[in-house]
Every structure is written in C-alpha cells, then in structure tokens.
Amino acid sequence: MNDIAQDSAADVPLLLRNAPSSVEFKKLRKRLLRQAREAMSDYAMVAPDASTTRPKWLVCLSGGKDSYALLAVLVELKWRGLLPVELIACNLDQAQPGFPGHILPEFFEKNEIEHVIIREDTYSIVTDKIPAHRTYCSLCSRLRRGILYRVAREQGCEAIVLGHHREDILETFFMNLFHGGRLASMPPKLVNDEGDLLVLRPLAYAAESDIAKFAAGMEFPIIPCNLCGSQDGLQREEVKKMLQTWEKESPGRLGVMARALAHTRPSHLLDRTLYDFANLRPGSAAADDASGEAEEPCGAGLAMTAGLFAAE
C-alpha cells in the first residue's frame with residue numbers, strides 16, 4: 001500500500017483531500033484500511049477474477065457515521081488499486097418527516113461519486129403497522145433491504161455493502177443470546193434468500209470508536225435517524241450500554257469477544273445439529289474428531305474476567 005504519509009492533496013480522491021494531516025489521524029486511517037482489507041481477504045469478499053470482470057458493489061449510505069466511513073475506506077482502497085470493483089453509492093430516502101434530502105446528493109456530487117438516490121415512503125408503512133411504543137427497526141430493516149436488493153439488481157451489482165462494524169456484530173450476538181435463544185450474529189458475508197446477491201460488511205473488524213473518530217475528523221455531514229432514534233428503551237441500546245461498560249472496565253474486552261465469534265468449538269457447545277453427540281463414545285470416530293476437554297484459560301484471561309465481574 002502507498003504510504004498515506006506521502007500522499008499529497010492532488011494525489012488522493014476528492015473525498016479524502018480534506019482529511020486531517022495529523023500523525024494520529026493517519027494512523028487511524030491506515031488502521032481502518034488494514035482492517036477492511038483483512039475482513040475482505042478472510043471472507044473472500046472479492047472474487048478471484050474480479051480484476052477481469054470488474055463486478056459492481058452497491059454501497060449503501062444512510063447518512064450516518066458508519067456508512068460514510070465505509071464509503072471513504074472503499075474509495076481509498078479502490079484508488080490504491082487494492083479493490084478491483086466498481087462502486088455505486090446508494091441512499092434510500094424513506095420519506096421521514098424533516099429528512100434533509102439534499103445532503104447526500106450534494107455530498108456525492110461534490111466528491112464526484114457515482115450514485116443513485118431512491119425515494120420510497122417506508123416511513124408511513126412502518127409507523128402505520130407498528131405501535132408507537134414498539135421497536136420499528138425490524139420492519140424498517142426488512143423493507144429497506146428489499147428495496148436495496150431491487151436497486152442492486154437494476155444496477156447490475158453482485159453485492160450490497162453495509163457499514164456494520166464490530167460492535168454492531170457483537171450487539172446482534174447478544175440480542176440473539178438474550179432475546180432470541182440462539183447463538184447467531186451478522187456474518188461479514190452472506191448470500192440473500194433469493195441466492196442472487198451478496199451482502200458484505202467490510203468494516204466487521206473495525207471498532208465503533210475508531211469509526212466515530214474518523215467520521216468526526218473528516219467532518220462528514222451526519223444525518224441522524226429520527227425514526228429509531230426517537231424511541232427510548234430499545235433492547236439494542238441496553239446491550240450497547242452493557243458492552244460499553246465492559247470495555248471501559250476492561251479495555252480490549254470487545255476485541256477478545258469479537259475474535260471468539262470466529263473461533264467456535266461445536267464439540268463444546270450444545271447444538272446436536274453441529275456435532276454428533278449421539279455417536280460419541282470412547283474409541284468412536286466422533287471421539288477421534290472431538291477436541292478433547294476444554295483448555296484452561298490463560299492467566300491473563302482469568303485476570304480480565306476477575307476484574308470484569310469483581311463488583312458482582
């Protein structure tokens with residue numbers, strides 16, 4: 001990768017020409033680029049023949065910090081010759097009252113980013129179907145995703161790309177654990193139910209705090225979501241606060257937890273569909289495949305756990 005420290009204003013895409021020049025910000029920028037490359041490599045988000053076929057990705061922007069950061073990272077990786085895909089930015093205007101519909105089109109035009117703006121009144125549908133005291137997110141997300149799939153097909157894209165980060169993935173894991181009765185989260189890569197589009201999350205390894213610092217430094221024109229943000233007491237907000245407290249009390253804990261999602265041991269869980277417990281006997285083939293008794297956690301891990309739960 002070209003050294004960010006050596007880039008001049010004329011050398012970089014318009015989107016990055018006003019990036020802060022401080023050493024700290026350049027380190028942050030390089031970290032986000034590295035983490036996105038690692039996630040894309042680990043989960044084979046880019047097809048081996050991409051340099052020849054030049055697939056298209058629909059990069060979904062809501063106007064929040066995460067999607068702005070996603071676009072900036074992908075634009076820079078493409079400019080550096082590290083992402084052989086065509087990028088089309090997309091904003092879905094959901095007709096929320098007071099939504100500043102001019103901000104993203106002006107942002108795209110100013111930075112010469114290919115884009116498409118779609119206006120669909122999902123706001124009225126969501127507020128009509130869901131009582132005011134209930135969470136809008138589930139229905140809103142389903143409607144939004146269906147529209148984005150349609151737009152991706154119309155634009156000839158092979159994937160829609162979303163700005164979910166490490167904390168989003170952890171929050172979803174705990175939401176499923178606490179309220180859904182299952183161990184599941186958002187994978188960095190999946191195929192939609194119809195089987196014709198990929199859903200990619202290149203920021204899966206990125207910390208939300210890094211993204212917030214990056215967005216603030218870049219002075220992106222943030223558009224708040226007044227639909228979900230207007231509701232108090234959401235379960236996801238409670239999970240977010242819990243994770244933030246854990247990270248504050250035990251720095252680095254979220255990184256450890258995120259790595260755990262990529263290192264599962266089916267023989268040490270309770271899912272009979274993932275492991276052949278029925279045929280597990282001494283000397284059996286299942287026993288040969290088993291990973292044995294659980295390893296003892298290291299001293300550092302025990303110390304972190306002790307510190308985390310000391311108040312209980």
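**Exercise 1. Look at the side chains of E76 and R80: what kind of interaction do they meet in, and how far is N from O?**

Solution. Start with the distance: N to O comes to 2.8 Å, and the side chains of E76 and R80 meet in a salt bridge. Bear in mind that this is a predicted model. Next, check the surroundings: E76 and R80 are both buried. Finally, put the pair in context: the structure holds 17 salt bridges.

**Exercise 2. Work out which parts of the chain the R31 and D210 pair ties together, and whether each partner is buried or partly exposed.**

Solution. Begin with the general idea: side chains of opposite charge can pair when their charged atoms come close. Here the closest N and O atoms of R31 and D210 are 2.9 Å apart, and the two form a salt bridge. R31 sits in helix 1 and D210 in helix 8, so the pair links parts that lie 179 residues apart in sequence. In space, the C-alpha atoms of R31 and D210 are 8.8 Å apart. Now the exposure: R31 has 28% relative accessibility, so it counts as partly exposed. D210 has a relative accessible area of 8%, which is under the 20% cut-off, so D210 is buried.

**Exercise 3. Explain why R34 and E38 are separated by about one helical turn, and classify the exposure of both.**

Solution. First the spacing: R34 and E38 are four residues apart in helix 1, so about one helical turn separates them. Their side chains meet in a salt bridge, 3.7 Å from N to O. Then the exposure: R34 is partly exposed at 41% relative accessibility, and E38 is partly exposed too, at 36%.

**Exercise 4. Test whether the length of helix 7 agrees with its number of residues, then find out what covers the helix.**

Solution. Take the length first. Helix 7 covers residues 166-180, which is 15 residues, and at 1.5 Å a residue it should span 21 Å. Its end C-alpha atoms are 20 Å apart, so the two values agree.

Now the cover. Of the 15 residues in helix 7, 11 are buried, so call the helix mostly covered. Among the buried ones are I169, L170, F173, F174 and M175, but also R166, E167 and D168. What covers these buried residues includes helix 3 (65-79), helix 8 (208-218), helix 10 (235-249) and helix 11 (253-260).

One of the buried residues, E171, also turns up in a network of salt bridges with K65, D66, E208, R236 and K240. Step past the end of the helix and you meet G181, whose phi is positive, near 65 degrees.

**Exercise 5. Describe the largest nonpolar core: how many residues does it have, and which of them have the most contacts inside it?**

Solution. Count first: the largest nonpolar core has 45 residues, and W57, L71, F214 and F220 have the most contacts inside it. Then ask who contributes. Elements that each supply at least two residues include helix 1 (23-42), strand 1 (56-60), strand 2 (86-93), helix 4 (103-110) and helix 8. Helix 3 gives the largest share, nine residues. Don't stop there: a second, separate core has 17 residues, including L58, I118, A152 and C157.

**Exercise 6. Zoom out: how many helices and strands does the protein chain have, and what percentage of its residues is buried?**

Solution. The secondary structure comes to 13 helices and six strands. Of the 312 residues, 41% are buried. For contacts with a separation of 6 or more, 75% are between residues 24 or more positions apart. Last, the surface: about 17200 Å² is accessible, and carbon and sulfur atoms account for 52% of that.

Note on methods:
Residues numbered from 1 in each chain as written. Predicted model: local features only at pLDDT ≥ 70, side-chain atom pairs only at ≥ 80, totals over all residues. Heavy atoms only, no water. Buried < 20%, exposed > 50% of the residue type's maximum accessible area, 1.4 Å probe, protein only. Contact = heavy atoms within 4.5 Å. Areas by Shrake-Rupley, 256 points an atom, 1.4 Å probe, with all protein chains shown as cover. Expected span 1.5 Å × (residues − 1). Core = buried A, V, L, I, M, F, W, Y, C linked by side-chain atoms within 4.5 Å. Salt bridge = Lys/Arg side-chain N within 4 Å of Asp/Glu carboxyl O.
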